[in-house]
Amino acid sequence: MTKYERQGESRKFDPNFKGPIHNRGCTDILCCILFILALFGYFAVGILAWSQGDPRKVIYPTDSRGQFCGQAGTPLEKKPLLFYFNILKCASPLVLLEFQCPTTQLCVESCPDRHLTLVKAKLNSKDHEYYKQYCKEGVDFAKLSTPEILRDSLCPAMLMPSKPFTRRCLPALGTMKGGVVVVGNETTFDGGEGTAVNATDVLEASKKSNVVVEARQVAMRIFEDYTQSWHWILLGLVIAMVVSLIFIVLLRFLAGIMVWVMIVLVILVIGYGIFHCYMEFASLKGEPGADVTIRDLGLQTDFSVYLQIRQTWLAFMIILAIVEVIIILLLIFLRKRILIAIALIKEASRAVGHVMSSLFYPLLTFALLAVVIAYWAITAVFLSTSNEQVYKVFNNSECEYSRETCDPKTFNTSNISTQCPDAECLFAFYGGETLYHKYLILFQFYNVFLFFWCANFVTALGQVTLSGAFASYYWAFKKPEDIPAFPIFASLGRALRYHTGSLAFGSLILSMVQVIRVLLEYLDHKLKGAQNKFAKFLLSCMKCCFWCLEKCIKFLNRNAYIMIAIYGKSFCPSARDAFFLLMRNIIRVAVLDKVTDFLLFLGKLLIVGIVGIFSFFFFSGRIKAVEEAAPSLNYYWVPILTLVVGSYLIAHGFFSVYAMCVDTLFLCFLEDLERNDGSAERPYFMSQHLLSLLKKSNEEPKSVD
């Protein structure tokens, strides 16, 4: 078998070929049916999750009876804070095992502001009402003695000065000179049961009680930042959209000039980033604590701390310098190919100019992806909060029923309370033993898998629609006379009517690889503390291989969708034809198509850089003119990072039109070279300018005769 036979047969001249074939049939019907059934199953999982889940579990703290503190429309609406009867018990290792302090927890209006024991409160009638707000309902100080109240865990033995922290009352810890830990300016105080409590012990207990809510604390602060800055973020995203649209319009009329301007501006923007990082690095020299390393600092919830050490700015400066050098070297080595790539972009600009509706198609893709992401996120939240309240026996003395499941409604009349007088039936965690809860992990996996499948399907639909429209432009011999009316709508209709199965097939293959990558990342997270170096090495190799596989599948799928849009074949034959066509022109693929992708990537980088720099100066309060307008935030990097990611997605959406246009025209151009020879009977469909550049670069097309 010869080299050309292995790479498939070249296209033959067909005088009747006028672009995307209109007379086509449905493809990959079996996969279409499978996709529809999977969607019905996805809707069923969503309905099941919405009927079982309760998002309040991730919003409000929960008391010992499983009630939500501060929830509107409930008796606890005016009691938003969670109070621990004995914070010292939170130092127990049980917190790390079951994520629950083994002490009674109560919803209260406000945290205690002074130290007071139960004994002193009973002796002074003025303190009765104050102390009762931290006791269970119905406690009568006149009828019950102090031992009886403590035995039945009706009230805490003592109160200590506390402050609300992530909706929980935690001791108001402080530090005096010399590092002495104090609570309310006291190092030790009466524990209310004849023992003295050390403030250091309270510190350890507070740390343990905060293990569960540490991540939630960061999440709540981020959420607060979003509530304060969402309108500014929205304005920034609109600006990013306007800048992207202006850039695309200018690219339509001034492609060559805009590409060179874009290259220069990218180099300048990254250069400014290097300069700014150096200035911050130099300004911190000699500052107290600025020489602390990131490793010594460890993980901090206040990420602004990292910006106060020199090593952070040094790392940023090195990363930006490496990116700058790589871009400059690529531009130097690819300077001759850039001219051809610019010609290809100019041809794409003409195509976009004749199919202007293509610029607005990304809005449909954004809307569909937003629906997919929202459905996945809502379903995931409801699935993760669909567990039931599980109560367990907590006790101080020896008890055979310790940590067993119990029912708070019948606990006081059961044998457990008789055999273990000091035992309590307290809320432990959310779980369940029903059939639904047993398969809950499978529902979560199905939710993730269908998310990838639907998201990839939406992306594939956009690629087929755009490639069909731009192929209609390329194969129109007389432009714009031969271009069909409403090419975007015609291409979208063909894709949905005939090729839903093929799109589902291609996106299914890609989704499988992506889910495997997610599982590998999960395993890698679980094995971080493992000592088996061979397992880590093997896992790293698998992650690398599947990353490469995902990139290859995305590349093949993209070109297969172009062939589907043109010829209307099923997925596998289209993927094969596209692969062999690219293999027969592998040099052109490497030096033309990829250089064009690189130039378009620089355009995205420029827009992200412009939006990122302005948002940094605005939210960090460094623009004096609008300093008062900038919102007060916990982490000013939250809106900045959101704007950077959002502006990249917006720029990617607009530039994806150009990228898809370039890829479609390039594949059609390769087909054109094989079908025609430039004679009067078999003329080329490509522009004469592009032909002349190919001849100058020794890439002159040869006849296939």
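# Working through salt bridges, helices and a loop

Glu550 and Lys554 pair up through their side chains in a salt bridge, with N and O 3.5 Å apart. This is a predicted model, so let's see what can be read from it, one exercise at a time.

**Exercise 1. Work out where the partners Glu550 and Lys554 sit in the chain, and say whether each is buried or exposed.**

Step 1: Check the distance. A salt bridge needs a side-chain nitrogen of Lys or Arg within 4 Å of a carboxyl oxygen of Asp or Glu. The pair Glu550 and Lys554 comes in at 3.5 Å.

Step 2: Find the element. Both residues belong to helix α19, which covers residues 533–567. They are 4 residues apart there, so about one helical turn separates them.

Step 3: Look at the surroundings. Glu550 has a relative accessible area of 6%, which makes it buried. Lys554 is partly exposed, at 36%.

**Exercise 2. Find which residues form salt bridges with Asp577, and describe how accessible each one is.**

Step 1: Take Lys569. Its closest N and O atoms to Asp577 are 3.2 Å apart, and the two form a salt bridge.

Step 2: Take Arg576. It also bridges to Asp577, here with 3.5 Å between the closest N and O atoms.

Step 3: Compare accessibility with the cut-offs: buried is under 20%, exposed is over 50%, and partly exposed lies in between. Asp577, at 16%, is buried. Lys569 is partly exposed at 34%, and Arg576 is partly exposed at 44%.

Step 4: Put this in context. The model has 8 salt bridges by this rule. Elsewhere, a network of salt bridges links Asp113, Arg114 and Asp127.

**Exercise 3. Take two of the transmembrane regions from the UniProt record and say what the model shows there.**

Step 1: Read the record. The unreviewed UniProt entry lists transmembrane regions that include residues 29–50 and 633–655.

Step 2: Check residues 29–50. The model makes this span 100% helix and 0% strand, with the end C-alpha atoms 32 Å apart.

Step 3: Check residues 633–655. Here the chain is 83% helix and 0% strand, and 33 Å lies between the end C-alpha atoms.

**Exercise 4. Decide how helices α13 and α16 run relative to each other, and what kinds of residues make up their contact.**

Step 1: Get the geometry. The axes of α13 (residues 361–384) and α16 (residues 440–474) come within 10 Å and cross at roughly 180 degrees.

Step 2: Classify the angle. Anything over 145 degrees counts as roughly antiparallel, so that is how α13 runs relative to α16.

Step 3: Sort the contact by class. Between α13 and α16 there are 17 nonpolar and 7 polar residues, and no charged ones.

**Exercise 5. Place Ala629 in the fold and list what it touches.**

Step 1: Locate Ala629. It falls in the loop between α21 (586–619) and α22 (637–675), and it is partly exposed at 38% relative accessibility.

Step 2: List its contacts. Leaving aside residues up to four places away in sequence, Ala629 touches Trp232 and Phe618.

Step 3: Look at the Phe618 pair. Ala629 and Phe618 are 11 residues apart along the chain, and their C-alpha atoms are 8.9 Å apart.

**Exercise 6. Sum up the whole protein: how many helices and strands does it have, and what share of residues is buried?**

Step 1: Count elements. There are 23 helices and 13 strands.

Step 2: Check burial. Of 705 residues, 47% count as buried.

Step 3: Check contact range. Among contacts with a separation of 6 or more, 73% join residues 24 or more positions apart.

Technical notes:
Residues numbered from 1 in each chain as written. Predicted model: local features only at pLDDT ≥ 70, side-chain atom pairs only at ≥ 80, totals over all residues. Heavy atoms only, no water. Helix = DSSP H or I, 4+ residues; strand = E, 2+ residues; numbered from the N terminus. Buried < 20%, exposed > 50% of the residue type's maximum accessible area, 1.4 Å probe, protein only. UniProt positions renumbered as here; feature names shortened; annotations may be inferred. Axes fitted to C-alpha atoms, helices over the stretch in contact; angles between N-to-C directions. Parallel < 35°, antiparallel > 145°, perpendicular 65-115°, else oblique. Nonpolar A, V, L, I, M, F, W, Y, C, P; charged D, E, K, R; others polar. Contact = heavy atoms within 4.5 Å.
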